[in-house]
Amino acid sequence: MSLRIGILGASRIAESAIVEPAQELGHRLVAVAARDPLRARIFADKYGVDRIVPTYQDLVSDPEVDVIYNPLANALHAPWNLAAVAAGKPVLTEKPFARNREEAARVANAAVTADITVMEGFHYLFHPVNQRALAVARDGTIGDLTRIEVRMGMPTPQPDDPRWSLELAGGALMDLGCYALHVMRRFGEPSVVTATAAERSAGVDERFDAELMFPSGVTASTSNSMVDDDYSFTLRMLGTRGEVFVHNFIKPRDDDRLTITTEHGTTVEHHGTRASYTYQLEAFANHVQHAMPLPLNVEDAVANMALIDEAYRAAGMQPR
């Protein structure tokens, strides 16, 4: 049985994040709403969405829509996730979950009270390359884990991109660093030791670096830049007897290599170029339709936003 998916906004990310996975898995894109009706029409025609609806509220209230996909600007995630919960609709929401911890907690409380799933779209976690990497870091292959290093870099977005807007909760830590902090947190809850940011405009970071430490003594670092020449999304986990390196943990469909180095040498594994977004939608649909468990919940989303807030404060900036 296919899900009937409603899409909030006509965003760039939607093609890879929901359109292609839905087509591959046999789910229906039944409705889209955008602030600009023309953009909604172009989007619907291009991607085979059944129809457009006038407003976001019309979309979340639509009885022909089973679940909501929310790829709106960061500042609009929480308000429209709350609206979807009020309408009784499960939500697959783009990250970050909200603007800050307090806002995330409001969404989480509403979702728990209504018993409605709101899942933050950390799609990387569903791909075999990352599942294998996390397992290797835990199973003793590289000894005891000592350090985690995440590098997130991308070319500069256009000047009018929402990721440069403070009002829309943009910035490098929000857009890229949320992934880095999230994957670190698969090993527990670290604290921020130091953080530095380079601001493109007042309150909006174009670069953000942080050092963290876990209660166990494991250290971690993340470097995030929205002004690099190329894309770079690497994850390195070091242990007392080796390391595991994911060459592109955010887009494994572009590079599915996992390199494991121990005292016995170096091996390179390949874990398939099926998109992480497809694995994610598959898991989300199985949860909605068959009550299969998910590896992510709203408590995890609140904790991730709390760490983002902590990092901003450590860098002398205000949370969103």
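Q: Which residues have the most contacts inside the largest nonpolar core?
A: In this predicted model, those residues are I5, I18 and F249, and the core has 110 residues. Helix 7 (residues 172-184) gives the most to this core, with 10 residues.

Q: What makes I18 a contact partner of L281, although the two are far from each other in the numbering?
A: Contact here is about space: heavy atoms must lie within 4.5 Å. Leaving aside neighbours within four places in sequence, I18 is in contact with I5, I7, L29, Y69, L92 and L281. L281 is on that list, so the pair has heavy atoms within 4.5 Å.

Q: Why is V204 called buried?
A: The word buried is used for a relative accessible area under 20%. V204 has a value of 1%. Because 1% is under 20%, V204 counts as buried.

Q: Where is V204, and which residues does it touch?
A: V204 sits in strand 9 (residues 204-213). Not counting residues up to four places away in sequence, V204 touches R163, W164, S165, L166, G170, G171, A198, E199, M317 and R320.

Q: How many residues apart in sequence are V204 and E149, and how far apart are they in space?
A: They are 55 residues apart in sequence, and their C-alpha atoms are 23 Å apart in space.

Q: How do you know which domains the largest core draws on?
A: Start with the division of the chain: domain 1 covers 4-121 and domain 2 covers 124-315. The core takes at least three residues from each of these domains.

Q: What are the numbers for the two domains, in distance and in contact?
A: The C-alpha centres of domain 1 and domain 2 lie 23 Å apart. Their contact takes 38 residues from domain 1 and 33 residues from domain 2.

Q: What makes a residue part of the lining of the largest pocket, and which residues are closest to its centre?
A: A lining residue has an atom within 4 Å of a pocket point. The largest pocket has a volume of about 1200 Å³, and 41 residues line it. Closest to its centre are S11, R12, I13, P71 and R163.

Q: Which helix gives the most to that lining?
A: Helix 7 does, with 3 residues. The elements that give two or more residues are helix 1 (14-25), helix 7 and helix 8 (276-290).

Q: What does UniProt list for residues 131-243?
A: An unreviewed UniProt entry lists them as "domain: GFO/IDH/MocA-like oxidoreductase". In the model, this stretch is 19% helix and 42% strand, and its end C-alpha atoms are 15 Å apart.

Conventions:
Residues are numbered from 1 along each chain as its sequence is written. This is a predicted model: local features need pLDDT of at least 70, side-chain atom pairs count only at pLDDT 80 or more; totals for chains, interfaces and linings use all residues. Side-chain values use heavy atoms; hydrogens and water are left out. A nonpolar core is a set of buried Ala, Val, Leu, Ile, Met, Phe, Trp, Tyr and Cys residues joined through side-chain atoms within 4.5 Å. Buried means under 20% relative accessible area, exposed over 50%, partly exposed in between (1.4 Å probe, protein chains only). Helices (H or I, at least four residues) and strands (E, at least two) are DSSP runs, numbered from the N terminus. Domain bounds come from an automatic or database domain assignment. UniProt positions are given in the numbering used here, feature names are shortened, and annotations may be inferred rather than shown by experiment. On a 1 Å grid over the protein atoms alone, a cavity is a set of points where a 1.4 Å probe fits but cannot get out, and a pocket is an open set with protein on both sides within 12 Å along at least five of seven lines; lining residues have an atom within 4 Å of a point. Grid points are joined across faces, edges and corners, and a volume is the space filled by probe spheres set on the points.
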